[in-house]
Amino acid sequence: MKDFAAIDFETANGERSSVCSVGVVIVRDGEIVDSFYSLIQPEPNYYNYWCSRVHGLCCADTDDAPVFPRVWDKIEPMIEGLPLVAHNKTFDEGCLRAVFHTYGMDYPDYEFHDTLRAARRLLKNLPNHQLHTVAAACGFDMKNHHHALADAEACAWIARELL
């Protein structure tokens, strides 16, 4: 796959609709050509301890952030016509569907590919198939794990290697 958009969401709590940040990396002809990151005011708007512990975000970070539809207005033209790629698409696609539903937006049925599934199929000798482990196996030096843009960059790198 030479043209795609890698996407990653972080959530504020256990609700898939509670996206609080998004990272998108655009790949064309196998090269990263653009990226986008934004904080998002989550819905529902509260943080649980476990999510904040993972990504380090809290209410103070997103109180003044735009709501999802305003952020998606910027992302949508970037990803037009591209398949989406995520590491564990079940989570990220679930977030995208949930937040579209929460805001009453028509979901355009994006084509999603999963680097986690590809890694499990192709890299059987790894101790696990977590994003940072697979990224390292594919030659990517991942920094700032659980920052949505850093995770999207790692996913893009993996997708270029495995998909």
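**Entry 1: salt bridges**

I began with Glu-93, which is buried, since its relative accessible area is 13%, and I keep in mind throughout that the model I am reading is a predicted one. Its partner in a salt bridge is Arg-97, and the closest N and O atoms of the two are 3.6 Å apart. I looked up where the two sit and found both in helix 4, 4 residues apart, which is about one turn of the helix. Arg-97 has a relative accessible area of 38% and is therefore partly exposed, a value that falls between the limits of 20% for buried and 50% for exposed.

I then asked which other side chain meets Arg-97 in a salt bridge. I found Asp-109, with an N to O distance of 3.0 Å. Asp-109 belongs to the loop between helix 4 and strand 5 (112-114), while Arg-97 belongs to helix 4, so this pair ties together parts that are 12 residues apart in sequence. Asp-109 counts as exposed because its relative accessibility is 54%.

Following these contacts further, I noted that a network of salt bridges links Lys-89, Glu-93, Arg-97 and Asp-109. The search of the whole structure gives 5 salt bridges, and one of them joins Lys-143 to Asp-141, whose closest N and O atoms are 2.5 Å apart. I checked the surroundings of that pair and found that Lys-143 and Asp-141 are both exposed.

**Entry 2: aromatic rings**

Next I turned to the rings, for which the search of the whole structure finds 8 aromatic pairs. One of them is formed by Phe-68 and Trp-72, a stacked pair with 5.4 Å from centre to centre and 25 degrees between the planes. I wanted to know why these two are separated by about one helical turn. The reason is that Phe-68 and Trp-72 are 4 residues apart in helix 3 (residues 68-79). I also recorded that both of these residues are buried.

I set beside this the pair of Phe-100 and Tyr-107, which is edge-to-face, with 5.3 Å between the centres and 85 degrees between the planes. Phe-100 counts as buried because its relative accessibility is 2%. When I traced the ring pairs onward, I found that they link Phe-68, Trp-72, Phe-100, Tyr-107 and Tyr-110 into a cluster.

**Entry 3: the largest pocket**

I then looked up the largest pocket, which holds about 360 Å³ of space. Its lining is made up of 19 residues, and I noted that the closest to its centre are His-87, Phe-91, His-145, His-146 and Asp-151. Which elements give two or more residues to this lining? I listed strand 1 (4-11), helix 1 (49-55), helix 4 (89-102) and helix 6 (131-137). Sorting the lining residues by kind, I arrived at 7 nonpolar, 8 polar and 4 charged. I note that helix 4, which contributes to this lining, is also the helix that holds Arg-97 and Glu-93.

**Entry 4: Ser-17**

Last, I looked at a single residue, Ser-17, and asked whether it is buried or exposed. Ser-17 counts as buried, because its relative accessibility is 9%. I placed Ser-17 in the loop between strand 1 and strand 2 (19-28). A polar atom of the Ser-17 side chain lies 2.6 Å from the backbone oxygen of Glu-43, and with that contact I closed the entry.

Methods:
Residues are numbered from 1 along each chain as its sequence is written. This is a predicted model: local features need pLDDT of at least 70, side-chain atom pairs count only at pLDDT 80 or more; totals for chains, interfaces and linings use all residues. Side-chain values use heavy atoms; hydrogens and water are left out. Rings of Phe, Tyr and Trp (its six-membered ring) pair if their centres lie within 6.5 Å; planes under 30 degrees apart count as stacked, over 60 as edge-to-face and the rest as tilted. Buried means under 20% relative accessible area, exposed over 50%, partly exposed in between (1.4 Å probe, protein chains only). On a 1 Å grid over the protein atoms alone, a cavity is a set of points where a 1.4 Å probe fits but cannot get out, and a pocket is an open set with protein on both sides within 12 Å along at least five of seven lines; lining residues have an atom within 4 Å of a point. Grid points are joined across faces, edges and corners, and a volume is the space filled by probe spheres set on the points. Ala, Val, Leu, Ile, Met, Phe, Trp, Tyr, Cys and Pro count as nonpolar, Asp, Glu, Lys and Arg as charged, and the others, Gly among them, as polar. A salt bridge is a side-chain nitrogen of Lys or Arg within 4 Å of a carboxyl oxygen of Asp or Glu. A polar contact is a pair of N or O atoms within 3.5 Å; within protein, one must be able to donate a hydrogen and the other to accept it, and residues adjacent in sequence count only if both atoms are side-chain atoms.
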